[in-house]
Each structure stands twice: as structure tokens, then as C-alpha cells.
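Dear colleague,

I am handing over the structure below, and my notes on it follow. Please keep it open beside the text while you read.

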Amino acid sequence: MKRYFFILLAAVSLGVTSCSPFQVKSDYSATANFANYKTYLLRTDDLKINDLDKDRVLNELSKQVQAKGLTSSQNPDLIINVKASHKKVQDITTSYGGGFGWGRPCGWGWGGGFGMGNTWTNNYNSGTIVIDIIDAKTQKLVWQGAGSGISVDSPKSKQKQIPQVVAEIMANYPPQKGK
């Protein structure tokens, strides 16, 4: 019995800790040999965000690729291009009151009721970061990762979320073939 409880506890813990507020995905070229790539160059021409957020993205990205064993170079194996965008999101929630059931207004019988509906609207901007990794020799895209769900309306949220989403995106690099 203790064994089953431990397995259930471990499964619940894993489920709770692996939750993320971001939607992260990646794709890669099946023919690319990622073990051959040793150097990189960050290209930021397409990164059209303010300087504070740009620093957050580039600092975390540099940290992540260096942790993967890549070194910065002016004559790189890989060119890493970063893009960012945001879109307006509108969440609409409606709830209705009312019901039907037994009642006792004058003895036994049926009763019911109808209520008014309430609708709430929440408008916000959601940010996305896209990381393209290009083979410098062939100029072909070999890996792409994207993460969305950044709360761009809140400076405090961006300070925390930008490094988190970049780390989650880069967790998929280099790709594990067969996964």
C-alpha cells in the first residue's frame, strides 16, 4: 500500500512541477548534425522590442546556448536569429444563474427559476518569442523554437517571464531524435 501511495505522490508531484504558463514548441531538420555545431553568432535585426526586454532575451539566450557548449564567434557554425511579437487577446467569460428542482411553495411540487447572465471581458497583450537557428554555411534553418504566453502588459511579469520562456524554448535544443 505504501508503494502505491509513493507512486501516486510522485506522479502528482511531477504533474504539478511540470506545469508551465507558456506554450512552447520546436521543430528541426532531421538531416542536420547538431554535434558538429560548436560556435554561434546572435543576430538581432528582427528583434523589434524595447532595450530592456531585448537585454533580457539576449542575456538568457546567451546563457542557455553557452550552457549547451556553444561559444560566440564572428565566424560561426550557427546564426541565431531572435524575433518577438505580441497580439491582443480578449477572453470572454459568461455565467448564468438559475435552476430547476423540488420546491415547496404551497405543499409539494416542482419549482424552478431563471437568472440573469453575467459576462466579463479581459483584454491583454500576449507575447511570443521565436528563435531560429540557421546553419551558417548552407544558410538553411536547422532548428526553430517558439514560446508564447508572456504577459507583456506588466513590467514585473516580463522581468520574470522572458528568461523563463527563453529557457523553456532552449530546453528543446539540441533536439533528441526520436522524441
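Pro174 lies in the segment that comes after α3, the helix of residues 155–170, and in this predicted model the peptide bond leading from Tyr173 into Pro174 is cis, with an omega near -10 degrees. Most peptide bonds are trans.

A second backbone feature is found at Gln139, which sits in the loop between β5 (109–135) and β6 (140–151). The phi of Gln139 is near 60 degrees, which is a positive value in a residue other than glycine, whereas most residues other than glycine have a negative phi.

Does the length of α3 agree or disagree with what its number of residues suggests? At 1.5 Å a residue, the 16 residues of α3 should span 22 Å, and because the C-alpha atoms at its ends are 23 Å apart, the two values agree. Along α3 there is nevertheless a kink of about 30 degrees at Gln161, shortly before the proline Pro163. Gln161 is also one of the buried residues of α3, and the others are Lys158, Ile162, Val165, Val166, Ile169 and Met170.

Please look lastly at Ser20, which lies in the loop between α1 (2–17) and β1 (23–28). Ser20 has a relative accessible area of 30%, and it therefore counts as partly exposed, since that class lies between the cut-offs of 20% and 50%. Ser20 and Gly149 are 129 residues apart in sequence, and in space their C-alpha atoms are 9.7 Å apart.

With best wishes

Conventions
Residues are numbered from 1 along each chain as its sequence is written. This is a predicted model: local features need pLDDT of at least 70, side-chain atom pairs count only at pLDDT 80 or more; totals for chains, interfaces and linings use all residues. Side-chain values use heavy atoms; hydrogens and water are left out. Helices (H or I, at least four residues) and strands (E, at least two) are DSSP runs, numbered from the N terminus. Buried means under 20% relative accessible area, exposed over 50%, partly exposed in between (1.4 Å probe, protein chains only). The expected span of a helix is 1.5 Å times one less than its number of residues. The bend at a residue is the angle between axes fitted to the seven residues ending there and the seven starting there.
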